[in-house]
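Morning, everyone. Please have the sequence and the model open while I talk. I'll start with the whole chain and then go to single residues.

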Amino acid sequence: MGDSLHCDLCGKPATVHLTQIVKNQIQKVDLCEECAQTKGVTDPEGFSLADLLAKSFAGPAEEPAELGAGNLVCEQCGSSAQNFKKTGRLGCAVCYDNLKPILLPLISGLHKGGQHKGKIPARQWRNLGLRREMENVERELQDAVKTENFEVAARCRDRLGALRAQLAAPAATS
Amino acid sequence: MQILPILDTPAEVVPGGSPSGPIVLSTRIRLARNLRDFPFPGWAKEAQRREIFTRCIEAANATTQMKKAYVLDLTALDDLEKQVLVERHLISRELSSASPGAGVVVSRDHGMAVMINEEDHLRLQVMRPGFQFKRVWKLADALDNSLEEKLDLAFSPELGYLTACPTNLGTGLRASVMMHLPGLVLASQMEQAIRAVNQLGLAVRGWYGEGSEASGSIFQISNQQTLGESEEDIIKRVTSVLQTIVEQEQNARAKLLEGDSVKLLDKIGRAYGTVRNAHLLTSVEAMNCLSLLRLAADLTLLPDTERPRLDRLFIESQPGHVQLAAKGLMEGQKRDLARARFLREQLSALPPLNFDRAFEKN
């Protein structure tokens, strides 16, 4: 054991060594005191190596993104990547878009892949369909305007109005 | 006391008709949901939390499942009331310490609860005694649908239901079973079993969830991953692990009876004597005695019909319940005195242990 272990995250001499079995695979991590602290390794509850591994071993391609990602702030709610690292919780649903670079590797490590395969809320499903249709009609409208086909354009506008009303309907009742 | 109406019905481990079986006490499904247009509870301002509370309560009240439900604003409850709700598994510890806007809606039969402004805006829970994933999932799914009719939920086609913590993304589903495993505990095989279950991606917790001790040999087993699998597949996975554990528990019990049966029967006999005669009982000792008596019922040393009563006493001998019954906060020893008296009363009509039967079935 001539070469002493170095921290997998920052390269300093490692003093914390962890082994955990995730998905039937043994995973080992060596960390320095500081990184172990900041990654919450010392907190026995709720700590998962999978989570840490996902962050640290996301691959070299992700590294530059990760460096900048540490300063990300969600424009919607003002919560930051740093806040997430501290509390483990996000500020709002839009954080999943705005803090994507730090979240995606984490999510795929925590779960069985990153694609939802379960239930879809019925109204969302319908709204998704409505939004797709709106996009299509908008495109049609632009074409119609370009080609000065005003009859089609008018029809598109009517359709868009109807779609918008349909989308807004449930929000009005809630 | 706002919660008194809820407590009028005696605590079962969970309510709902059919009694719990020998090893699986209860089945529970939890769904995490959030409103699309509000920050998550931990980040939301107080005014927003109150608005979320109002909207969720309105939505829940409008569902058929929550007809005539109990609606509780947690800030209006005292500590003892909250503790009792935690002990009944109707709210989490996290909710009980949450800030303004935290609340819970409990269905008339106590089988469903919707926590508001816990870690997520909504935490739906459906509980039933025994092993009943199919039924519980059907009920949870239906309750979720009814709420979704009234609320715009945070959802993405890729990541599913969006939650405050990424560990609950996707289905937001936690499927768990409460198991009574005295055989594995007495045979010192529980640690091994926990490790095996962990390797399969499931979590093992004590009676009161994260970080709680597994007193009374009661353990909760649940999935950890929520994204990348359908609800049905998650439930299937938990079920298959559960079946393996049930088998192992049965084997452990059979071995205990084959080998050191005297030691086991001695333990059961002492537990019987203790709950019927002790004058000071800590909650841990009470849990362990009740656990042995439940095992006695499984081994037919006690009639089967005693099991529901024992399951109820597991909950009613918790510190909060003991103090509530005595109408006020009490110090440790006074509490132990009250607990012992309560159990003596409750179990005074317990039939004698029929030791001859220990060997008949096994």
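**Chain B, with one stop in chain A**

Let me begin with contacts. In chain B, take contacts between residues at least 6 apart in sequence: 73% of them join residues at least 24 apart. Keep in mind that this is a predicted model.

Now the overall build. Chain B has 13 helices and 10 strands. Its radius of gyration is 21 Å, close to the 21 Å from the globule rule for 362 residues, so chain B is as compact as a globular protein of that length. Along the principal axes, the C-alpha trace spans about 65 × 45 × 30 Å.

Next, the surface. Chain B has 362 residues, and 61% of them count as buried. The chain exposes about 14500 Å², with 50% supplied by carbon and sulfur atoms. On charge, we have 43 positive and 45 negative side chains in chain B. The centres of those two sets lie 3 Å apart.

On to the interior. Which residues touch the most other members of the largest nonpolar core? They are B:Ile29, B:Val114, B:Leu122 and B:Met179, in a core of 53 residues. Helix H8 of chain B, residues 231-258, gives the largest share of this core, with eight residues. Apart from that core lies another one, of 37 residues. Among its members are B:Leu265, B:Cys289, B:Leu299 and B:Ala358.

Stay with B:Ile29 for a moment. Set aside its neighbours within four places in sequence, and B:Ile29 still has a long contact list. It includes B:Leu124, B:Gln125 and B:Val126. It also includes B:Phe133, B:Val136, B:Trp137 and B:Ala140. Further along the chain, B:Leu173, B:Arg174, B:Ala175 and B:Ile235 are in contact with B:Ile29 as well.

Now backbone angles. Most residues other than glycine have a negative phi. Two residues here are worth a look.

B:Asn117 has a positive phi of about 60°, and it is not a glycine. Find it in the loop between strand S4 (112-116) and strand S5 (122-129) of chain B. Is B:Asn117 buried or exposed? B:Asn117 has a relative accessible area of 0%, so it is buried.

The other residue is in chain A. A:Glu148 also has a positive phi, near 55°, and is not a glycine. A:Glu148 sits in the loop between helix H7 (122-146) and helix H8 (150-173) of chain A. Its relative accessibility is 55%, and the cut-off for exposed is over 50%. So A:Glu148 counts as exposed.

Back to chain B, for two residues around helix H9. B:Lys263 lies in that helix, residues 261-277. B:Lys263 is exposed, at 54% relative accessible area. How far apart are B:Lys263 and B:Leu169 in space? C-alpha to C-alpha, B:Lys263 and B:Leu169 are 47 Å apart, with their positions 94 residues apart in sequence.

B:Leu280 is in the loop between H9 and helix H10 (283-298) of chain B. At 43% relative accessibility, B:Leu280 counts as partly exposed. B:Leu280 and B:Arg341 are 61 residues apart in sequence, yet 8.1 Å apart in space, C-alpha to C-alpha. Leaving out its neighbours within four places in sequence, B:Leu280 is in contact with B:Glu285, B:Gln333, B:Asp336, B:Leu337 and B:Ala340.

That's my tour. Over to you for questions.

Methods:
Residues are numbered from 1 along each chain as its sequence is written. Chains are lettered from A and ligands numbered from 1 in the order in which they are written. This is a predicted model: local features need pLDDT of at least 70, side-chain atom pairs count only at pLDDT 80 or more; totals for chains, interfaces and linings use all residues. Side-chain values use heavy atoms; hydrogens and water are left out. Helices (H or I, at least four residues) and strands (E, at least two) are DSSP runs, numbered from the N terminus. The radius of gyration is taken over C-alpha atoms; the globule rule is 2.2 Å times the number of residues to the power 0.38. Buried means under 20% relative accessible area, exposed over 50%, partly exposed in between (1.4 Å probe, protein chains only). Contact means heavy atoms within 4.5 Å. Accessible areas come from the Shrake-Rupley method with a 1.4 Å probe; for residues, only the protein chains shown count as cover. Lys and Arg count as positive and Asp and Glu as negative; His and the chain ends are not counted. The place of a charge is taken as NZ of Lys, CZ of Arg, CG of Asp or CD of Glu. A nonpolar core is a set of buried Ala, Val, Leu, Ile, Met, Phe, Trp, Tyr and Cys residues joined through side-chain atoms within 4.5 Å.
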